[in-house]
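This report describes the charged pairs and the nonpolar cores of one protein structure. The sequence and the structure are shown first.

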Amino acid sequence: MNAQTYLAYDYPLLNLFWTVLLVFLWIMWFVLLFRIIGDVLRDDGLSGWAKAGWLVFCLLLPFLGVFVYVIARGKGMGRRETAHARARQEEFNAYIRKTASGGQRSSVDELARLSEIRDEGALTDEEFRRAKELVLSGHGPAEHAGQAPTTSSPSAR
């Protein structure tokens, strides 16, 4: 028999199972370590020194550091991950809304902006009313707030 045949006899199925299990656990360990490092770096509640301390602890004593981190801050990991995912989804939704509108503001956005400008005192009530009429009629954005509506017919010139 050749060497390959002997290898099959010397490495039974149970050993193959244990090898696959150990490789899987080793990969999962690295996944957990990288998730913890990402959580440490992403957490805004930690100071720079606390982040450095956790990173040194997790990298110099990886097994102990990861277990202590999961016990001490494991509950918050899920909340921080969820908050981060929600923030990314909101940014994506805002980008889609902006892109879908062609970069133009809707009349509701314009009215809200006009209301804020009036509340700051930059517009009088009369200017606000005229600008609101312009926005609602679709003749122009709120940047024409101080101007009277004009007509474009040749007889008006």
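## A charged pair within helix 6

The model is predicted. In it, Arg129 is partly exposed, with a relative accessible area of 36%. Glu126 is likewise partly exposed, at 39%. These two residues form a salt bridge in which the closest N and O atoms are 2.3 Å apart. Arg129 and Glu126 lie three residues apart in helix 6 (residues 125-137), so about one helical turn separates them.

## Charged pairs between helix 2 and helix 4

Across the whole structure, a search finds seven salt bridges. Side chains of opposite charge can pair when their charged atoms come close.

One of the salt bridges joins Arg80 and Asp39, with 2.7 Å between the closest N and O atoms. This pair connects distant parts of the chain: Arg80 belongs to helix 4 (residues 62-100) and Asp39 to helix 2 (residues 13-42), and the two are 41 residues apart. Asp39 has a relative accessibility of 4% and is therefore buried, since buried means under 20%. Arg80, at 21%, is partly exposed.

A salt bridge also forms between the side chains of Arg42 and Glu81, at 2.9 Å from N to O. Here too, distant parts of the chain are linked, with Arg42 in helix 2 and Glu81 in helix 4, 39 residues apart. Arg42 is partly exposed, with a relative accessible area of 34%, and Glu81 is partly exposed at 28%.

## A shared network

Which residues are joined into one network by salt bridges that share partners? The network consists of Asp39, Asp43, Arg73 and Arg80. The bridge between Arg80 and Asp39 described above thus involves two members of this network.

## Nonpolar cores

The largest nonpolar core has twelve residues. Its members are Trp29, Leu33, Ile36, Ile37, Val40, Leu46, Trp54, Leu55, Cys58, Val66, Tyr69 and Met77. Helix 2, helix 3 (48-60) and helix 4 are the elements that each give two or more residues to this core. Helix 2 supplies the largest share, five residues. Leaving aside residues up to four places away in sequence, Ile37 touches Leu55 and Leu59.

A second core, separate from the one above, has five residues, among them Leu114, Leu123, Phe128 and Val135.

## Summary

Helix 2 and helix 4 are linked by the salt bridge of Arg80 with Asp39 and by that of Arg42 with Glu81. Both helices also give two or more residues to the largest nonpolar core.

Technical notes. Residues are numbered from 1 along each chain as its sequence is written. This is a predicted model: local features need pLDDT of at least 70, side-chain atom pairs count only at pLDDT 80 or more; totals for chains, interfaces and linings use all residues. Side-chain values use heavy atoms; hydrogens and water are left out. A salt bridge is a side-chain nitrogen of Lys or Arg within 4 Å of a carboxyl oxygen of Asp or Glu. Helices (H or I, at least four residues) and strands (E, at least two) are DSSP runs, numbered from the N terminus. Buried means under 20% relative accessible area, exposed over 50%, partly exposed in between (1.4 Å probe, protein chains only). A nonpolar core is a set of buried Ala, Val, Leu, Ile, Met, Phe, Trp, Tyr and Cys residues joined through side-chain atoms within 4.5 Å. Contact means heavy atoms within 4.5 Å.
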